[in-house]
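Reader: I am new to reading protein models. Please take one part and look at it closely with me.

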Amino acid sequence: MKKTPSRPNSKGDEDLLKVKLQGQRRPPQGQTPRVMKTSSRSSSEVEDLLNAKLQGGLGPPPRPTEPGGDPLPNPGAFEECHRRCKELFPVQMEGVKLTVNKGLSNHFQVNHTVALSTLGESNYHFGATYVGTKQLSPTEAFPVLVGDMDNSGSLNAQVIHQLTSRLRSKVAFQTQQAKFVNWQVDGEYRGADFTAAVTLGNPDILVGSGILVAHYLQSITPTLALGGELVYHRRPGEEGTVISLAGRYTAPNWIGTLTLGQAGAHATYYHRANEQLQVGVEFEASTRLQDTSVAFGYQLELPKGNLLFRGSVDSSWTVGAVLEKKLPPLPLTLALGAFLNHRKNKFHCGFGLTIG
């Protein structure tokens, strides 16, 4: 009689039969089979990871980001917090002013300025500007050397240089009739989301005098920046420190800035109504002078007419306006300005012509 194989009568026998058919060994009881795990990284990713570890790190740390994930922008310089509003106010003009600009090359330019005044002294200024070959952007190149000398021999000069991609330095000095009056050294570092600057003015080690100014501005969110200013001055018999805090909020079409300190308060509001019209309000309060002032300014630009108009009115009842008109294709710019102080009953006007 032919013997037939016995049928497994338990689940354990079935598992044993499957293991034998597959040519595998059954693991001991109570131990799970070992499974070899394969890495999900590609060979190129593994090589990059090993190279990074051999170099002592995984690359530079990422830029600070907002909780939403977008990197925070650089807030700019502390001293430029109120710049957008101040640019709207007209510059006072008096008498006649003629300016001639002449470019001698792509890097060198000179200018001549003659000013005739009925209130002050008439003067002549000669200026020169040199821009280096270190191009960092379409609008920035370094080093930059700027000098201006008047007919009395007084000189104002500045040297600005970008030492690295984030570090910028500036040296400025002023002379009056062949005597040094002021000089200062600036250093500014712009990080990914902050700006720090230090200024040293008129240092004199022998006398023990000088002025030290430190600025710091930090982006908290893409629209909010907070910072502070420290001013330390010292001279024989006098020493003091002034601290100020600043905040700036930037919206799509307006900017609000506030500076509070021991010397007083300074607040500005800038608003861009449309492509042609911009308005601004400035408030200043001084604890030393016990005085406050408010000014309103606006700028109207008509590109098709090559026309620019600035006007202002302040709390001292001074009204002023400046009109600038370009005359293409000629390289000429005409400027007319008038200012009237109703309280003191003073009026003065000016005319300017710029060639080049």
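How many cavities of 30 Å³ or more does the structure hold? Please start there, and then show me what lies around the empty space and along the strands.

Author: This is a predicted model. The structure holds one cavity of 30 Å³ or more. Its volume is about 30 Å³.

Start with the walls. The residues that line the largest cavity are Cys 81, His 82, Arg 84, Cys 85, Ile 255, Thr 257, Thr 268, Tyr 269 and Tyr 270. Which elements do they come from? Helix H3 (83–86), strand E12 (254–261) and strand E13 (264–272) each give two or more residues to this lining. E13 has the largest share, with three residues. Now sort the lining by character. Five of the residues are nonpolar, three are polar and one is charged.

Why look for such spaces with a probe? Rolling a probe the size of a water molecule over the atoms shows where empty space is left.

Next comes the largest pocket. A pocket is an open set of points, whereas in a cavity the probe cannot get out. About 510 Å³ of space lies in the largest pocket. Its lining counts 28 residues. Nearest the centre of the pocket are Gln 92, Met 93, Lys 97, Ala 335 and Gly 352. Six strands give two or more residues each to this lining: E1 (95–103), E2 (108–116), E3 (123–137), E17 (318–326), E18 (332–341) and E19 (346–355). E1 gives the most, five residues. By character, the pocket lining splits into 13 nonpolar, ten polar and five charged residues.

Follow one of those strands, E3. It pairs with strand E4 (residues 140–150) in the antiparallel sense, over ten bridges. Take one bridge as an example. His 125 has Asp 150 in E4 as its partner. A hairpin of two residues joins E3 to E4.

E4 also pairs with strand E5 (residues 155–162). These two run antiparallel, and six bridges join them. Leu 145 stands opposite Val 159 in E5. The hairpin of E4 and E5 has four residues between the strands. Gly 153 in this hairpin takes a positive phi near 95°.

Stay with E4 for its backbone. Pro 143 is found in this strand. The peptide bond from Phe 142 to Pro 143 is cis, with omega near -5°. Is there another cis bond to look at, and where does it lie? The bond from Pro 328 to Pro 329 is cis too, with omega near 5°. Pro 329 lies in the loop between E17 and E18. Both of these strands appeared in the pocket lining above.

Now look at positive phi outside glycine. Asn 202 is not a glycine, yet its phi is positive, at about 50°. Asn 202 sits in strand E8 (residues 194–204). Is Asn 202 buried or exposed? It is partly exposed, because its relative accessible area is 28%, and that class lies between the 20% and 50% limits.

Trp 317 is a second case. Its phi is positive, about 65°, although it is not a glycine. Trp 317 is found in the loop between strand E16 (307–314) and E17. Trp 317 counts as exposed because its relative accessibility is 55%, and the class begins over 50%.

For a buried residue, turn to Ser 244 in strand E11 (residues 238–250). Its relative accessible area is 10%, so Ser 244 is buried. What does Ser 244 touch? Leaving aside its neighbours within four places in sequence, Ser 244 is in contact with Gly 228, Glu 229, Thr 259, Leu 260 and Gly 261.

Finally, step back to the whole protein. It has three helices and 19 strands. Of its 356 residues, 23% are buried. Among contacts with a separation of 6 or more, 28% join residues 24 or more positions apart. The accessible surface comes to about 24,800 Å². Carbon and sulfur atoms account for 59% of that surface.

Methods:
Residues are numbered from 1 along each chain as its sequence is written. This is a predicted model: local features need pLDDT of at least 70, side-chain atom pairs count only at pLDDT 80 or more; totals for chains, interfaces and linings use all residues. Side-chain values use heavy atoms; hydrogens and water are left out. On a 1 Å grid over the protein atoms alone, a cavity is a set of points where a 1.4 Å probe fits but cannot get out, and a pocket is an open set with protein on both sides within 12 Å along at least five of seven lines; lining residues have an atom within 4 Å of a point. Grid points are joined across faces, edges and corners, and a volume is the space filled by probe spheres set on the points. Ala, Val, Leu, Ile, Met, Phe, Trp, Tyr, Cys and Pro count as nonpolar, Asp, Glu, Lys and Arg as charged, and the others, Gly among them, as polar. Two strands pair if DSSP finds at least two bridges between them. Buried means under 20% relative accessible area, exposed over 50%, partly exposed in between (1.4 Å probe, protein chains only). Contact means heavy atoms within 4.5 Å. Accessible areas come from the Shrake-Rupley method with a 1.4 Å probe; for residues, only the protein chains shown count as cover.
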